[in-house]
Amino acid sequence: MATLTFTVNGVDHNTTVSIIGVEFSMSANPQYLIADGSSKAEITGVIKETTRMVAIPNEPVVFATSLGTIPWQSTTSSDGVVKVDLTSSSDFGTAQVVGYYGDGITDTVFVDLFHKVFTGFKLININTAVF
């Protein structure tokens, strides 16, 4: 609690305000994608008041990524959760996904984008008869 004192037209006023902290955290699932332009990772953000861990609903969160595409904004649900999909690009590397809430509250997650790799081989029956 904090007490604010201010003067308006020569009259002093006092008011008490509660100051709360806010926690914003993000995660990615999965944390790696194939760089094919269509694979997706779900980016989840959670916003809560720090003292009582109460969800902060109906708040906008802005997103940006260094690789791939992501919706630029979404809104928290009643439980303080926001979810968007990161879609891979055809370039490989590490996508740095940043979420922005309020005035300067951010979090960052990283998603690795890989080229599709050879994961197996095909057996072919070859006749080896000698004539």
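## A first look

Of the 131 residues in this chain, 26% count as buried. Keep in mind as you look around that this is a predicted model.

The accessible surface of the chain adds up to about 9000 Å², and carbon and sulfur atoms account for 54% of that area. As for contacts, take those between residues at least 6 apart in sequence: 50% of them join residues at least 24 apart.

## Strands from end to end

What does the chain use as its building elements, helices or strands? The count is 0 helices and 11 strands. Walk along the sequence and the pattern reads β-β-β-β-β-β-β-β-β-β-β.

## An open sheet

Now for how some of these strands sit side by side. Here 5 strands make up an open sheet, in the order S4-S11-S10-S7-S8, with mixed pairing. Strand S4 (32–34) and strand S8 (73–75) take the edges, and each has a single partner strand, so one side of each has no neighbour in the sheet. Going from one strand to the next, the twist averages 30 degrees.

In general, the strands of a sheet pair through backbone hydrogen bonds, and they may do so parallel or antiparallel. For a pairing to look at here, try strand S7 (residues 60–65) and S8: they run antiparallel and are joined by 3 bridges. Which residue of S8 is the bridge partner of valine 61? That would be serine 74.

## Two salt bridges

How many salt bridges does a search of the whole structure find? The search turns up 2.

One of them pairs lysine 83 with glutamate 42, with the closest N and O atoms 3.9 Å apart. This pair ties together distant parts of the chain: lysine 83 belongs to strand S9 (residues 81–87), glutamate 42 belongs to strand S5 (residues 40–49), and their positions lie 41 residues apart in the numbering. Lysine 83 is partly exposed, at a relative accessible area of 48%. Glutamate 42 is partly exposed too, with a value of 33%.

The other salt bridge brings together the side chains of arginine 52 and glutamate 49, at 3.2 Å from N to O. Are these two residues buried or exposed? Arginine 52 has a relative accessibility of 64%, so this residue counts as exposed, the cut-off being over 50%. Glutamate 49 has a relative accessible area of 4%, so this one is buried, since buried means under 20%.

How values were computed:
Residues numbered from 1 in each chain as written. Predicted model: local features only at pLDDT ≥ 70, side-chain atom pairs only at ≥ 80, totals over all residues. Heavy atoms only, no water. Helix = DSSP H or I, 4+ residues; strand = E, 2+ residues; numbered from the N terminus. Buried < 20%, exposed > 50% of the residue type's maximum accessible area, 1.4 Å probe, protein only. Contact = heavy atoms within 4.5 Å. Areas by Shrake-Rupley, 256 points an atom, 1.4 Å probe, with all protein chains shown as cover. Salt bridge = Lys/Arg side-chain N within 4 Å of Asp/Glu carboxyl O. Pairing = 2+ DSSP bridges. Axes fitted to C-alpha atoms, helices over the stretch in contact; angles between N-to-C directions.
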